[in-house]
Every structure is written in C-alpha cells, then in structure tokens.
Amino acid sequence: MISRDDVIKAAKLAKLRLKEEEIQVYTEQLQNILHHVEKLNSLNTSNIEPTSHAVDTQAIFREDIAHPCDILEKVFAVAPDTEDRFFRVPKVI
Amino acid sequence: MELAHLTLFEIHQKIKAKEISCQEITAAQLKRIEKLNAQLNAFITLCPEKAMARAQELDQHLAKNPASDLPPLFGVPMGLKDIFLTEGVRTTCASKILGDYIPPYNSTAVQKLLNAGIILTGKLNMDEFAMGSSNETSHFGPCKNPWDLNRVPGGSSGGSASAVSSGISYATLGTDTGGSIRQPASLTSIVGLKPTYGRVSRYGVIAFASSLDQVGPMAKDVRDCALMLQTIAGYDPKDSTSVNQPVPNYLAALKKDLKGIRLGIPQEYFAEGLDPEIEKSLQQALQTLKELGATVKPVQLPHTEYGVPTYYILAPAEASSNLARYDGVRYGFRAKNIETLLDLYEQSKTQGFGSEVKRRIMLGSYVLSAGYYDAYYLKAQKVRTLIRQDFLNALKEVDALVTPTSPTCAFKLGEKTDDPLKMYLSDIYTINVNLAGLPGMCVPCGFNSQNLPIGMQLIAGPFAEEKLFHVAFAYEQATVWHKRRPTL
C-alpha cells in the first residue's frame, strides 16, 4: 500500500512540490484509489498478452523530407522568455 | 421554433433558402451566449469580433456562389471545447498553466470544421486537462447544467454539453477518454458519440491519455451527429494513430426501422448501483427497440468490474508522461522569481496545475516507478486485453450493445468533489468502451421524476459507427426525448 514516503517520491519524480497538508490528503486519497485497484490482483493474467493500444497499429514510416515551417515566429511569440531564436532558462552550468 | 433550438440540418435549409444570413444568425447566437453564459459558465473564452468578421466573409461568399454547393455546416456558429488548438484564439485546457496560451495552428478536426463553413464563437469549459466527470476541476470555475443550475453538466466535455443543450452552440466536438462525451451528453439530454479509436485525428488536441483519447461529435439529434462525424472523420498523416480506412456515408445509415438488427444487453450493466429510474427508462427504451424490429438478447461481459481500476492505472500513467511537457520553458505558465532550472520546472508545475491534475500525475508516476511497473501498469494492460476480448466476443453474436450511460442523473455541484474514487465511478459504464477502443454513443431516452435527463448508451464493434447511427436514429424517430429543451 502506498505510504507517505511513496507520495513524496512520486511528487519528486513528477517535479511537484507538496505542502505538508497536501502530502497527508494525497496519501489518503491515493491509498483509497489503489485499494480499489487491488481488485485486479484477483485475476490470473499469467498467459495474457498486454494491450498497449486498442487498435492494431504498426510503426508508421515516411520519407525523411524536410518541410518548410512558417509558424516559428508565432511559436516564439507565446513562449514565456526568449532571446533571438532561443528559449531562455536559468543558468545550468 | 426559436432560432437557437434549430438543428444543423434546419439551419442549413434556412441559409440555403436565404431566409437568414450568416451575420444574422451569428449576431443572434452571440446575444444568446451573452445572456446565458453568466448562468451557465459554458464558455471560457469568446471571440465575437472574429466570429462576426468570419460571418461577413461567408455572406460575401454566398452572394457570389450558388447556395446548392454549400457544405452542410456553412454559416453555423459553434463553440469548441477548450482542448482543441485554435489558431489565434486562446486555448487553456481549463488550466492556469495554459491560461494565456494562443496556439499558432488549428487542430485537424477544427480545420475540417472551418473548411466546412463553421463560425467559431469561442472556447468551451471543461475539466482541467479533461480530468474529471463533473466539469468542477476547471480553473475557470464549474459549468452548470441547463436543466438545473445547481447541478453539474458532467465532464469533462461539460461546457460543450451545456452549450448544445441550452442552444448557445448548434453542435460541437468533445473528447472522450473515459466517457467525457457520453456521460455529459447523458446528463444534459443531447446526442454524443465517441468514435472508434483512430477514426478521427487527434492532431492538435491537447493530450491526456493518448491510447484512450478520441474526438467526437455532440449534437441535438442523431442526424446532426452524423453530419459532424462525416466532416471530421478520416486519416490524417499528421497523426500516426489515425487509421487509414475509407469513411462511409453516415447519413445513408439513418433508417427508420430495425428489422434484422440484433441487440445485446450486458447483464453486468444492469446490476447493483444503477438508479431505479434510469433502469426503468432503459427497459422502456428496450421495448421501443423491439417494437421497431430489433431482437434483444442478454450477453455477458465478465470483466466489466475491472474497468475502472484498469483505467485508473493506465490513464494517469499516460497523463503523467504527456503532462511532463508543461515545464514552463517553451509555452504556458512560468513561475516568477526562479533561481535554478529545477526550480523553474517544479514551481511552474506546482503553481500551474490544479489538484485533480496533480493527483493523477502522482498516481501515474507511482504506478510507472521502479518496482511497481509490473504490479500495476503491466497488470492493467493485460486486464485491458481481457476487457477488449469480452466486447469482441459479445459483438460476434449481436450488432450492438445497449446499456445505461451514467449510473445516476446529474448530481449536485460539490456532491462528489471530496471523494475522488466516488467521482471516478461516475464513468463506470463508459470507461470500458475506451479501453476496448470501440465506438459508443449516448442518446436521450427519458427523464426522471425531477425532470433530469437520462441517456442510453449504444456500443458497436470497431469502425461500426454506421450501426450506432442506424439504431439511434430509428429509436429517436420513434420517441420525443430529443425534442425537449431546458427552460432558461
């Protein structure tokens, strides 16, 4: 069953910061949800193939041809912080 | 009949006959939106100037071209769920994290509607990132049900359902990951269709759970629903999960009798937990279907009860991956007063996402994390196989399945918000259809003693949308439920 530490770890993996009271609430809620999920353990699925997609799909290939992209200006226009044609972020090195 | 309550088909006739101009119809619709949106909160964003300018362009086109050549959606004002990217019109996905986002391009489904002549009036409310069954997780506040303003319209396409039902959008599109078209359609007395996974392109539709999400029409009646699907269906090279199969003529599938049609009633869907008034309406609907010539037999879907737990592993897992892209770098909300790159990611996500989205991202991260992947994610994918096999086996014996859409009628605002699990069970009859990738449709089939709508769900095999249209149209023609409108 999911513990308080698991919730802290999941939040860290998801890059979310939780307040103390949120950790408590989420732990309780996720425990309830996962308790409901435990029902799946009553099924024997050892010989069942997993389905990752509801329809039969194959890898889609196409020729590697460059197409003109005329929306770059608009893409940069909605970015939070840019300089020339770059997205600006805090210094990493 | 009042202009706002006309069907797409009826408006088309009026525009073609030049009884009404695109500008007149758009102005009337914008006026109605202004009047009703204060009560309903169905629209997040309105674009009246753009809409009127477009209406003027279309009127000019009409003046120069023969009316007989018009596509069936020509001149129809329409709002769209705020999950569809719309070039130049703010698209928020009902989240603070995309609160100011103006997309540089249209999603394929939107482009197809525009090509067919619609006039975009604005963007419709929804649950944040489509996560919810009541439209209460929206950053922009809950949308209300036009049949009772103290109740939810359902989710996540709640704004879309409320808008069509109240006549502030003539039809619209929703997206359905676990029931988000069918459940709100049921709660507001409109027709909603989730097509087969891959039938409609998802390009430019903000992703929630990619293997489950599908775009579909929401409309006042079955014919309008067929017109909408006809317009948006088909292969799109920009979406590698869209399926390259010819699109049939859906309008040709609309027939008035059901001779030779075999319908299956999954016994598991009529068990404990179903509201007795809903069950009664469904029984009456089955009687009508028999009178129309259908044969009805019980069928079994033995893994039904495993659908909700399977969904709440798979959908959050996919969501946690899809929503990792909202890092505050390239678009969307960026937190202020940041020192490091990690701070930027963490603060932007923490301040930008609402609590339901955070809950699902964490659930997804947890079930995918080292040590738990096999126990949860792989297990759920295997159970998904069993659920799909159940449907395919049942559909070997019958043409379509008939089930309730929602276990209850529209519930009160706030009634389920404190208990996520209780909320998740709202989609108990719709979720398995997404897991199996099948088409599912909701049509109005009655009202309870409090005048709240009841919907019937029809389910068919892969790419058998025509069968759904056939059954739904015959039923609709024999009943009056779809003609009732809420008084506002």
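I take buried as under 20% relative accessible area, exposed as over 50%, and partly exposed as in between, with a 1.4 Å probe and protein chains only. This is a predicted model, where local features need pLDDT of at least 70, side-chain atom pairs count only at pLDDT 80 or more, and totals for chains, interfaces and linings use all residues. Residues are numbered from 1 along each chain as its sequence is written, chains are lettered from A and ligands numbered from 1 in the order in which they are written, and side-chain values use heavy atoms, with hydrogens and water left out.

**Entry: aromatic pairs**

I paired rings of Phe, Tyr and Trp (its six-membered ring) if their centres lie within 6.5 Å; planes under 30 degrees apart are stacked, over 60 edge-to-face, the rest tilted. The count comes to 17 aromatic pairs over all chains. I looked up Y326(B) and Y331(B): the ring centres are 5.9 Å apart and the planes stand at 80°, so I logged the pair as edge-to-face. Y331(B) is partly exposed at 21% relative accessibility, whereas Y326(B) is buried at 5%. Both belong to one aromatic cluster with Y101(B), F129(B) and F353(B).

I then turned to Y366(B) and Y372(B). Their centres are 4.5 Å apart and their planes are at 35°, so this pair is tilted. Y366(B) is buried at 3%; Y372(B) is partly exposed at 26%.

**Entry: the interface of chains A and B**

I counted contact as heavy atoms within 4.5 Å. Chain B brings 67 residues to the contact and chain A brings 49 residues. For buried area I used the accessible area (1.4 Å probe) that two parts lose on being put together, summed over both. The two chains bury about 5,200 Å² between them, with 68% of it on carbon and sulfur atoms.

Next I checked charges, with a salt bridge being a side-chain nitrogen of Lys or Arg within 4 Å of a carboxyl oxygen of Asp or Glu. The rule finds five salt bridges across this interface. I looked up the one between E305(B) and K39(A), whose closest N and O atoms are 3.8 Å apart. Which elements give two or more residues to the side of chain B that touches chain A? They are α9 (307-322), α10 (341-352), α11 (355-368), α12 (373-397), α13 (420-424) and α14 (431-436) of chain B. Helices here are DSSP runs (H or I, at least four residues), as are strands (E, at least two), numbered from the N terminus. α12(B) gives the most, with 11 residues. I also noted a network of salt bridges that links D81(A), E83(A), R88(A) and R334(B).

**Entry: salt bridges in chain B**

Over all chains I get 21 salt bridges. E356(B) and R359(B) form one, with the closest N and O atoms 2.6 Å apart. They are three residues apart in helix α11 of chain B, which means a separation of about one helical turn. E356(B) is buried at 9%, and R359(B) is buried at 7%.

D148(B) bridges to R151(B) at 2.9 Å between the closest N and O atoms. Here D148(B) is partly exposed at 22%, while R151(B) is buried at 9%. K259(B) and D257(B) form another salt bridge, at 3.8 Å. K259(B) is exposed at 65%; D257(B) is partly exposed at 34%.

**Entry: helices α4 and α7 of chain B**

In α4 (residues 108-115) of chain B, I find T108(B), A109(B), V110(B) and L113(B) buried. The buried residues of α4(B) pack against β2 (77-81), β4 (171-176), β6 (214-219) and α7 (222-232) of chain B. G117(B), just after α4(B), takes a positive phi of about 105°.

α7(B) is mostly covered, with nine of its 11 residues buried. Among them are D224(B), C225(B) and M228(B). Just after α7(B), G234(B) has a positive phi of about 125°.

I stopped at A226(B), a residue of α7 of chain B. A226(B) is buried at 0% relative accessibility. Leaving out residues up to four places away in sequence, A226(B) touches Y250(B), L251(B) and F469(B). Its C-alpha atom is 9.2 Å from that of L193(B), 33 residues apart along the chain.
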